[in-house]
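Trainee: Could you take me through one part of this model at close range, strand by strand? I'd like to see how the pieces pair up and what packs against them.

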Amino acid sequence: MSSYTNFQKHLQGELAGIESLGLYKKERIITSPQAVDIQLESGKKVINFCANNYLGLSNSPALIEASKQALDSHGFGMSSVRFICGTQDLHKQLENQISAFFGTEDTILYAACFDANGGVFEPLLCEQDAIISDALNHASIIDGVRLCKAVRYRYANADMEDLEKQLKASQAQRFRIIVTDGVFSMDGNVAPLDKIYKLAQKYNAMIMVDESHSAGVVGKTGRGTTELYELKGKVEIITGTLGKAFGGAIGGFTTGKKEIVEKLRQGSRPYLFSNSIPPMVAAAGTKAFKMIDESNKLQDQLHSNTDYFVEKIKAAGFDIKPTQSAICAVMLYDAKLAQDLAAKLLDEGIYVIGFFFPVVPKDQARIRVQISAAHSKQQLDKCVASFCKIGKELGIIK
């Protein structure tokens, strides 16, 4: 008997248990570029309603061309971390572009926003300090907090009364920072940053906002929650990603006060020990930010599409989480029902995914519909019609 045999049996049992509960996650294979119209390995063509491709830039010809030019001029990979020999002019151009976009003082790039959130707390805070985190913050924030020795406080999602209670409790610590998602990715609600800011001022706290699902989406020109609440430049730390609205590739960033960013350059482990993002990604990222700077057309279309879809799906009788973003959480509560609905919608040509524990809390299963500026009205209508057809078959709506 090998040393792995007993552990293998243990894992097989756990996996079988996950599948029996209807919680097993299976990956569908796409054979086309990421877009609103995609092709599956089976050859079936479907309309994509579950990508973070909010502005429809994942297959943008302009970004592809910027990537090709960078491949020719700057090569394929960096084979190094930033402080050794992994910094090109393209990386600095992107950092400057991001700072200008958010109205911040400096920016640092990471391989992903998961790394940005994982590497932000430990270099800045210690056991003398406090982190006050929203209960529904992204897993990357939770993991980043775990890596830091600061005292941890948690407040109920967007609950300002509970936040104030935790701020009062944290007055024993030296420095304190309130941490929140800008848009909570499973529900679609926007953090009440205006109220958070007032409490931060009252209780001498800094603020960190993860704008991954809000940058490019929320606010009149897509600058995120700081634009929505007229707090541009007043938040100490913003993290975000290139993997959603800004082209959908890889890469994350932390932007904010210059001293904070400089301290991260000196001590943030995911930055110091991970390869720089490829030149073509940096070039495409810069192009994406410039495109959004030059025109508000995509944001306007996204907001129009989202308002249209939410109105139609609510009128059909579905239970929808209140949303202020491009995320529309259609609540099913039961994990198997969410998977059954998603599977039947795929047969109708609508590509969505059921979300269930541990991605969302138990008994809070849902289908997260994500709207893109690239969706046509006809595609939105087809999606609603398909939800209605299958929803009636499964007894979800009358």
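Mentor: Happy to! Let's start with one pair of residues: M208 has I237 in β8 as its bridge partner. Before going on, note that this is a predicted model, where local features need pLDDT of at least 70 and side-chain atom pairs count only at pLDDT 80 or more, while totals for chains, interfaces and linings use all residues. Residues are numbered from 1 along each chain as its sequence is written, and side-chain values use heavy atoms, leaving out hydrogens and water.

Now step back to the strands around that pair. Strand β7 (residues 206-210) and strand β8 (residues 237-241) run parallel and are joined by 3 bridges; two strands pair if DSSP finds at least two bridges between them. Strands here are DSSP runs of E with at least two residues, helices are runs of H or I with at least four, and both are numbered from the N terminus.

Going wider, β7 and β8 belong to an open sheet of 7 strands with mixed pairing, in the order β3-β9-β8-β7-β6-β4-β5. At its edges lie β3 (106-110) and β5 (151-155), each pairing on one side only. From one strand to the next, the twist averages 20°, with angles taken from 0 to 180 degrees between N-to-C directions of axes, which are lines fitted to C-alpha atoms, for helices over the stretch in contact.

Finally, look at what covers these strands. Helix α8 (residues 193-202) packs on the sheet and touches β5, β6 (176-181) and β7, contact meaning heavy atoms within 4.5 Å. The direction of α8 makes about 155° with that of β7.
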